[in-house]
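Please look through the model shown below together with the report that follows. The report takes up a patch on the surface, then some helices, then the pairs of charged side chains, and ends with the chain as a whole.

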Amino acid sequence: MSMPDYRTFFRRSASFLLAGFLAAAQALAQQPENAAPIQKAVQSQEAAAEPTTESATEMDTVILALCHEISILQKNVEKRIAIRESLVTEADETYSFFDTRVYEMSAVLYALDDQKIFTMAFYCKAATRLVKLYYERRPDFQGQEARAAEEIARIQKLIQSLEEVNTDGLSETSLVQRDEALTTCHSLMEKLEKEKEQLAYLKELFNNLENKVNALNAESNKLFNTLFSKVFYTPSHIARYIFLKPSMIYRACMSAWESSADSKLQLPSDRGTLQHYGMVLLGMLLCAYLLSRAIVWWGFKKTLEKSGNYDKRHAFTNVTTILLIAVLLIVSEMQSTDYLLKSAASLGAEFLLLSSAILFSLVTRLKYGTINAGIRIYMPYLLLGGFFMLLRMFMAPNIVVNVSMPVLFTLVSLFSLLTWVRQRHRLPRLDRFFATISLVFTILGSILCWAGFSFMAFLVLMTWIMLMTSILLLVGLWDLLHHYEKRRKERNKKEIVWFRPFISKLVLPCLAIFLILFSLIWPAATFDMGDLIISKIYTTTEIKDLISFSWSHVILVILIAIVLNYLIFLGKNTLREIYGENYEVGTIPTFVTLSTLFLWGLFVFTALVIMNANYNGILMVMGGLSMGIGFALKDTIENIISGLSLMLGRLRQGDMIECDGYRGRVSSLGYRSTMIETLDGSIIAFQNSQLFNKNFRNMTRNHKFECVKVEVGISYGTDVEKARGIILETLASLPFLSKIKKTSVVLDSFGDSSVNLGVWVWIPVMTKSSSLSTVRERIYNAFNEHGISIPFPQQDLYVKEFPDRQPGEEPNASPREE
């Protein structure tokens, strides 16, 4: 129920209540306080014979309330009738507009032939836009009819209620009001019935118009299919007669050009108009050059001098001039009302932006002496594309394109080959690669042109040029960013840590996606098929019982992956800045790894939702492939599960472990393998499943100290307690030893030349070698200070007799040297 219905209900309720209270008050006032029983009996008899004054007053009040409501309803209905009349008038104008346009467009489409592809593409696009505009502006007659029917039903109920009122007890005023209310209701009924008939008539007209629009749309789609067939599947054999019958080909081209000189289909071609547009373009060029010269020479003079690019000022001026002309063409396109002029300005602006992007990349990346070489490499392809744009602007017939493009492609191929041979050694590797690929595509285009596929050759070449331009633009922006950071370092300014990852990991990848899309759409827009390509991007493709997606969904998933990758990188860098050196040890790497795994798992789930995945179908497919996938990925799955088990309990990144005779620090704990950096700096990789099944020693799992025995020998006769006290006192001052685990000295063994003491110390695991060296050095120095000697190994030899000496003969004082 709408708001007016609620208000009507409350007004009626209040009117009836008010009428009841007034009637009760009148009855009490008219009744005498001391009425006799006889009078009461008489009044009761009269009440049985005729209606009382109380009932008459109540009916008058009800009639009054109904008349008041009808007056309000009349105002509301008249307002809505006025609104609907304006809508009907607008619908009538809309019908007249579309009926005329659809008739004209249908007549043009039915009269088109396939020898004018540009004209056919223009009108097919115009028809598609007309159909789209019709469905956007089509009136909603169903809603208007439903509202009118509701109002008619309501007024019919009011008329029925007024006609059923008992007129015997009504006053003359109430009777007049009732008759006026009935007259008003009948008048409103007539207006609404007339409006309903008018709406039904317009609805029928628009239904007939919709049939015409659908027929126009079907014809447009049919011509689009013909256009595709003409471009990609139907060759033209006119190229073989270029050299055999040149005069005949020339006359045929001129005749076709003159026959297509229709002002509705072509840009103005008379001499005066062309001179006017030429002067306008010349003025735009002059103004753009002067403005760009002022911007580059005055605004960026100091910047160019500091960056060492002052000798490139002329090149930057040219790039800025082309950009300004493109901007002026875009403004002209927005201000123009002629669709052909708008289309020509749009194509010109896009081509100039393409050229400026290539020149910007060359000027930014190359040295001053090699910029001209780069221009010579890329300029032939741009000139070829510009010539084809001119043919498109002037709606050239097919024969002109099929005659001119083979010759131009061949000349450009020869010139590009000559330029590539001469200039390729002066250019960087990237430009040499692009020049080689462009030369290959140009030669391929020449072959396609001579085979009769001139339009397809242009599409192939321009698609490659757009992709190449996108890559060159990204490389130029990256090089500009590199120069910016270099200048900041030279000026001893703090490096912007977040800026480079933001550009390289977020801005440039997203820009690359949009540039690739544009490189695919723009060549098709030359044939007025850009909207068709865009609609194909949004067209849903369904894989039965699995997923239902469109290319727009795929692009959205890729963009989400790029943003998520940047956010993960940003989170890791933030944690690295917060924890510093402790980032690589402990639970932080495990937390980062598991969080990354969780986020990418959430991304996969989101991607499946975006792609409208059928989970039952995916589970069925996975179930059918589970055995094969299980055998193929058995080791991988086992390593992943073992890696998760190691992360969650037994191992952390930065732990010092011993395994298979190797001692080292866990430098990386991944999903499939674990990297251990040994003490000599080498890296040993263990598969997670192998490491999980081994009994390795984790030296830092409980604490960061290791108990090591240091053997010390003292001479026989030395006081052991004194030596023990000296050792404990000396080692107590070492800061790196554990304060919780105490050092102990025990008598380990009796050696041949010394009493061996075992010093058990708790030293840091990470600095075991240097700590042991310090402990031994301190003990040695302390024993020297207190006069305790550390005996070296010695052995006494007792000789009872010499076999070559006579008994009683004295041995020589010194041995004889032989």
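## A nonpolar patch on the surface

In this predicted model, the residues F598, L599, L602, F605 and V609 together make a nonpolar surface patch of about 470 Å². One of these residues, L599, is found in helix α19, which covers residues 587–610. L599 has a relative accessibility of 31% and therefore counts as partly exposed, because that class lies between the buried residues, under 20%, and the exposed ones, over 50%.

## Helix α14 and the start of helix α15

Helix α14 runs over residues 429–450 and has 22 residues. From its first C-alpha to its last, helix α14 reaches 32 Å, which is close to the 32 Å expected at 1.5 Å a residue. The buried residues in α14 are D431, F434, A435, S438, L439, T442, G445, S446, L448 and C449. After α14 comes G452, a residue whose phi is positive, near 105 degrees.

Which residues does S454 touch, if those up to four places away in sequence are not counted? They are V401, N402, M405, P406, L448 and C449, and of these, L448 and C449 are also among the buried residues of α14. S454 itself has its place in helix α15, which covers residues 454–490, and with a relative accessible area of 0% S454 is buried.

## Salt bridges

How many salt bridges does a search of the whole structure find? The search finds 6, and one of them joins the side chains of D99 and K212, with 3.4 Å from N to O. This pair links distant parts of the chain, since D99 belongs to helix α3 (residues 53–111) and K212 to helix α6 (residues 172–233), and the two are 113 residues apart. Both partners are partly exposed, D99 with a relative accessible area of 24% and K212 with one of 42%.

In another salt bridge, R724 pairs with E721, and the closest N and O atoms are 2.6 Å apart. Here both residues lie in helix α23 (residues 720–731), 3 residues apart, which is about one turn of the helix. Is each partner buried or exposed? R724 is buried, with a relative accessible area of 19%, because the limit for a buried residue is under 20%, whereas E721 is exposed, with a relative accessible area of 53%.

## A network of charged residues

A salt bridge also forms between E711 and K709, whose closest N and O atoms are 3.5 Å apart. E711 is exposed, with a relative accessible area of 56%, while K709 is partly exposed, with a relative accessible area of 29%. These two residues do not stand alone, for K709, E711 and D748 are linked in a network of salt bridges.

## The chain as a whole

The chain has 24 helices and 10 strands, and 38% of its 818 residues count as buried. If one takes the contacts in the chain between residues at least 6 apart in sequence, 73% of them join residues that are at least 24 apart. The chain exposes about 48600 Å², and carbon and sulfur atoms supply 60% of that area.

Technical notes
Residues numbered from 1 in each chain as written. Predicted model: local features only at pLDDT ≥ 70, side-chain atom pairs only at ≥ 80, totals over all residues. Heavy atoms only, no water. Patch = residues over 30% accessible without salt bridge, like charges linked within 9 Å, V, L, I, M, F, W, Y side chains within 5 Å. Areas by Shrake-Rupley, 256 points an atom, 1.4 Å probe, with all protein chains shown as cover. Salt bridge = Lys/Arg side-chain N within 4 Å of Asp/Glu carboxyl O. Helix = DSSP H or I, 4+ residues; strand = E, 2+ residues; numbered from the N terminus. Buried < 20%, exposed > 50% of the residue type's maximum accessible area, 1.4 Å probe, protein only. Contact = heavy atoms within 4.5 Å. Expected span 1.5 Å × (residues − 1).
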